[in-house]
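Please look over the structure shown here before reading on. The report that follows takes up a few of its residues in turn.

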Amino acid sequence: MAISNVKRSVAKIVDVGGNFLLGPPYGGFGFFRNHGSRTARKVALTFDDGPSKPSTANLLDAMDALQVKATFFWVGAHVQRNPDLLQRAYASGHVIGNHSMLHSRKAGLMLTGGAHIDASAAEIAKVIGRQPRLYRPPWGWLTPWEGQRLAQRGYTVVGWDVYTLDWKVPEIDGRSIAQGICQDVRPGSIILMHDSYAVVPECHKIEMVRAVQQLVPQLRAEGYEFVTIPDLLGLQAYA
Ligand SMILES: [Zn+2]
């Protein structure tokens with residue numbers, strides 16, 4: 001086997017093992033909140049990795065039309081580039097959470113540090129005047145010491161129980177994304193979606209928006225109500 005193939009295989013094992021140990025639904029050492037009450041037909045849409053143009057702007061337009069509120073976990077570096085989108089989302093009643101400053105997996109794996117958490121919170125606070133207290137770790141990887149750092153700062157770590165492949169490049173078609181979500185959703189579900197790509201400052205995700213336009217009316221027809229994470233979990237979004 002060529003060296004590059006060996007490296008790729010090792011990387012794959014690290015990814016799969018890391019996801020299992022550190023990510024939802026099994027990993028994360030008890031820090032994740034992966035869903036709300038299973039007895040009420042409420043679900044929360046969450047979007048990671050933005051804000052970016054034109055994806056986030058198009059998504060906000062679509063959600064205005066649908067009159068649905070979501071929770072965004074945004075990257076500090078992207079907030080710096082697009083403060084207008086943060087202002088707009090917050091003013092529209094969406095909830096803003098922290099997804100770290102640079103979307104670095106390594107920062108959360110380090111035994112010491114926390115600048116990646118605080119710098120991003122500061123960028124968000126600069127625009128909306130409030131410090132977020134909801135956090136989703138980049139890549140969904142949470143070590144116990146990162147969990148401690150977040151708990152000390154008063155954060156709730158938000159996971160998910162409905163996973164989507166809307167981060168794939170090129171995009172999967174919106175109908176398939178929506179169908180997958182509607183099959184997996186249960187009362188209390190937290191749905192993971194992406195309004196941007198983690199390390200791309202500008203992106204145009206057409207199918208992600210189409211998926212939202214399809215799944216919201218479909219799940220409403222099944223009796224589901226869309227709420228934000230603070231409403232679903234009964235906690236504060238900001239300090
Ligand atoms: Zn992310």
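Which residues does Ser-189 touch, not counting residues up to four places away in sequence? Counting as contact any heavy atoms within 4.5 Å, Ser-189 touches Arg-38, Lys-42, Val-43, Ala-44, Asp-161, Val-162, Asp-184 and Leu-232.

This is a predicted model, in which local features need pLDDT of at least 70 and side-chain atom pairs count only at pLDDT 80 or more, while totals for chains, interfaces and linings use all residues. Residues are numbered from 1 along each chain as its sequence is written, and side-chain values use heavy atoms, with hydrogens and water left out.

**Ser-189 and its partner**

Helices (H or I, at least four residues) and strands (E, at least two) are DSSP runs that are numbered from the N terminus, and in these terms Ser-189 sits in the loop between helix H8 (174–184) and strand E8 (190–194). Ser-189 counts as buried because its relative accessibility is 0%, where buried means under 20% relative accessible area, exposed over 50% and partly exposed in between, with a 1.4 Å probe and protein chains only. Its side chain makes a polar contact with the side chain of Asp-161 at 3.1 Å; such a contact is a pair of N or O atoms within 3.5 Å, of which, within protein, one must be able to donate a hydrogen and the other to accept it, and residues adjacent in sequence count only if both atoms are side-chain atoms.

**Salt bridges**

Side chains of opposite charge can pair when their charged atoms come close. With a salt bridge taken as a side-chain nitrogen of Lys or Arg within 4 Å of a carboxyl oxygen of Asp or Glu, a search of the whole structure finds ten salt bridges. The table lists some of them, with the N to O distance for each pair.

| Acidic residue | Basic residue | Distance, N to O |
|---|---|---|
| Asp-15 | Arg-105 | 3.3 Å |
| Asp-161 | Arg-38 | 2.9 Å |
| Asp-48 | Arg-136 | 2.7 Å |

The salt bridge between Arg-105 and Asp-15 links distant parts of the chain, with Arg-105 in helix H5 and Asp-15 in helix H1, 90 residues apart. Arg-105 is partly exposed, with a relative accessible area of 26%, and Asp-15 also counts as partly exposed, at 32%.

Asp-161, already met as the polar partner of Ser-189, forms its salt bridge with Arg-38. Asp-161 lies in the loop between strand E7 (156–158) and H8, and Arg-38 in the loop between strand E1 (32–33) and E2, so this pair ties together parts that are 123 residues apart in sequence. Asp-161 is partly exposed, with a relative accessible area of 24%, and Arg-38 counts as partly exposed at 26%.

In the salt bridge between Asp-48 and Arg-136, Asp-48 belongs to strand E2 and Arg-136 to the loop between strand E6 (134–135) and helix H7 (144–152), so that the pair ties together parts 88 residues apart in sequence. Both Asp-48 and Arg-136 are buried. Elsewhere, salt bridges that share partners join Asp-61, Asp-64 and Arg-88 into one network.

**The zinc ion**

Which residues coordinate the zinc ion? Asp-49 (OD), His-99 (NE2) and His-103 (NE2) do so, at 2.1 Å; donors are N, O and S atoms within 2.8 Å of the metal (3.2 Å for Na, K and Ca), and as water is not among the atoms, sites may look incomplete. Along the chain, the donors follow the spacing D-x49-H-x3-H. Asp-49 and His-103 link distant parts of the chain, 54 residues apart, with Asp-49 in the loop between strand E2 (42–48) and strand E3 (53–54) and His-103 in the loop between strand E5 (95–98) and helix H5 (105–109). Asp-49 counts as buried at 7% relative accessibility, and His-103 counts as buried at 8%.

**Thr-71**

Is Thr-71, in strand E4 (residues 71–74), buried or exposed? Thr-71 counts as buried because its relative accessibility is 0%. A polar atom of its side chain lies 3.0 Å from the backbone nitrogen of Ile-229. Not counting residues up to four places away in sequence, Thr-71 touches a set of residues that includes Leu-45, Phe-47, Val-95 and Pro-230.

**Helix H1**

Ser-4 is found in helix H1 and is partly exposed, with a relative accessible area of 40%. The C-alpha atoms of Ser-4 and Ala-122 are separated by 40 Å. Val-14 lies in helix H1 (residues 3–22) and counts as partly exposed at 47% relative accessibility.
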